[in-house]
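This report walks through selected features of one protein chain, for a reader who has not met it before. The sequence and structure come next.

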Amino acid sequence: MYGIGWGVKLKAQPGNSKGPTRSASASENGSCPSPLHEKNPNSSMTTKELQEYWRKEKRNCREVKVLFEIPSAKIVEKAFSKYVKYQIIIIQTGSFDSNVSTIERRYSDFEKLHTSLFKEFYDEMEDLVFPKKILTGNFMDEVILERKLAFQDYLRILYSMEFIRTSRMFIDFLTRPELEEAYSCLRGGQYTKALEGLLEAIALQEKLTKHRPIQLVPTLCAILVCHKDLENFKSAFEFGEKALQRLEKYPGHRYYLPLLETMISLAYELGRDFLFFQKKMEERKAKKLPQKMLTLKELTVQEYVQ
């Protein structure tokens, strides 16, 4: 059972004294595969090659986790409202994280997340107690400090449960507000501002969606669109390649053909070989019924429309 300052506790699973069983492979959870399943290094390798091989294996086996810290909070006063915003820092461990992510959420955001998760995962969360609202003293230093610690532990416990950390609700709580703002800037033609927000968002999404990298595709394509409209064609092409890598096994994905069309245009602009993209596009079109296709930009601006 886990506990935090606000009485949060997590019900133990009956009949399992060793903890929850893994539903994914060891490599997917960031741990080392069993030596019995490893491919032995080539016996003809030189000493230097063997050393490099085991260095890579050690890096691959390094456990990757996400940590949440809430170091500060601030009181926000507006004309008709007053509330506390908590700064959340998200860090990836297991390797040097050069893109530490920082977001801000208020009590009501946490409350909405808890309500949504509780409806979806009632059996698992019925003993997870959420900090209750209080009528007075919300802005006292000691109350804010206690809630900072409580929400930090709350996020840690949620992330410890695989079915929650991979859920759309949990990922949206951490990424959606910033993505909505960035896409709004994109639709308004504020490409530099949109790009800034999208680059921050993709750094956080990469930490949270290792179980399903295809979820990065819309954001990668939005970054491509911004770079293209700012005439940063080389950067646009690079992000397009990243998106295509994640779509390699999903040729039926709605972004696949519009992305290939854009890559052909960018390759032509940069004086690069576009025949590879053209061939992929023709192969896909041959298997699909003819229909009007949206451009990549038309598809992108439809994301996060409230």
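What does helix H6 span between its end C-alpha atoms, and what would a straight helix of 20 residues span? The model is a predicted one. In it, H6 covers residues 168–187 and spans only 24 Å from one end C-alpha atom to the other. A straight helix of 20 residues, at 1.5 Å a residue, would span 28 Å.

## The bend in helix H6

H6 bends by about 55 degrees at threonine 175. A proline, proline 177, follows within four residues of that point. Just after H6, glycine 189 takes a positive phi of about 80 degrees.

Which residues of H6 are buried? They are Phe170, Ile171, Asp172, Phe173, Leu174, Thr175, Leu179, Glu180, Ala182, Tyr183, Cys185 and Leu186. Thr175, where the helix bends, is thus one of the buried residues. As background, an α-helix has 3.6 residues a turn, so residues three or four places apart point the same way.

## Salt bridges between distant parts

Side chains of opposite charge can pair when their charged atoms come close. In this model the count comes to 9 salt bridges. One of them joins arginine 105 to glutamate 178, with N and O 2.7 Å apart. This pair links distant parts of the chain: arginine 105 belongs to strand S3 and glutamate 178 to helix H6, 73 residues apart. Is arginine 105 buried or exposed? Arginine 105 has a relative accessible area of 2%, so it is buried. Glutamate 178 has 27% relative accessibility and therefore counts as partly exposed.

Glutamate 111 and lysine 133 also form a salt bridge, their closest N and O atoms being 3.6 Å apart. Here too the partners come from distant parts of the chain, 22 residues apart: glutamate 111 is in helix H2 (residues 107–120), while lysine 133 is in the loop between helix H3 (122–125) and helix H4 (141–160). Glutamate 111 is partly exposed, with a relative accessible area of 26%, whereas lysine 133 is exposed at 56%. Elsewhere, salt bridges that share partners join Lys74, Lys85 and Glu104 into one network.

Within that network, lysine 74 forms a salt bridge with glutamate 104, and the closest N and O atoms are 3.4 Å apart. Lysine 74 lies in strand S1 (residues 66–77) and glutamate 104 in strand S3 (residues 101–106), so the pair links distant parts of the chain, 30 residues apart. Both ends are partly exposed: lysine 74 has 41% relative accessibility, and glutamate 104 has a relative accessible area of 29%.

## Strands S1 and S2

How many bridges pair S1 with S2? The two strands pair in the antiparallel sense over 10 bridges. A hairpin through 4 residues joins S1 to S2. Across the pairing, leucine 67 stands opposite isoleucine 91 in S2.

The loop between strand S2 (82–92) and S3 holds serine 98. Serine 98 is exposed, with a relative accessible area of 55%. Serine 98 and alanine 203 are 105 residues apart in sequence, yet their C-alpha atoms are 9.5 Å apart in space.

## Aromatic rings

The count of aromatic pairs comes to 15. In one of them, the rings of tyrosine 86 and phenylalanine 151 have their centres 5.4 Å apart and their planes at 75 degrees, so the pair is edge-to-face. Tyrosine 86 lies in strand S2 and phenylalanine 151 in helix H4, so this pair ties together parts that are 65 residues apart in sequence. Both rings belong to buried residues: tyrosine 86 has a relative accessible area of 1%, and phenylalanine 151 has 0% relative accessibility.

Ring pairs link Tyr86 and Phe151 into a cluster with Tyr107, Phe110, Phe130, Tyr154 and Phe173. Of these, Phe173 is also among the buried residues of H6.

## Charges over rings

Where does the charged end of lysine 82 sit? It sits over the ring of phenylalanine 139, 4.5 Å from the ring centre. The charged end of lysine 242 sits over the ring of phenylalanine 239, 4.7 Å from its centre.

Key
Residues are numbered from 1 along each chain as its sequence is written. This is a predicted model: local features need pLDDT of at least 70, side-chain atom pairs count only at pLDDT 80 or more; totals for chains, interfaces and linings use all residues. Side-chain values use heavy atoms; hydrogens and water are left out. The expected span of a helix is 1.5 Å times one less than its number of residues. The bend at a residue is the angle between axes fitted to the seven residues ending there and the seven starting there. Buried means under 20% relative accessible area, exposed over 50%, partly exposed in between (1.4 Å probe, protein chains only). A salt bridge is a side-chain nitrogen of Lys or Arg within 4 Å of a carboxyl oxygen of Asp or Glu. Rings of Phe, Tyr and Trp (its six-membered ring) pair if their centres lie within 6.5 Å; planes under 30 degrees apart count as stacked, over 60 as edge-to-face and the rest as tilted. A charge sits over a ring if NZ of Lys or CZ of Arg is within 6 Å of the ring centre and within 35 degrees of the ring normal. Two strands pair if DSSP finds at least two bridges between them.
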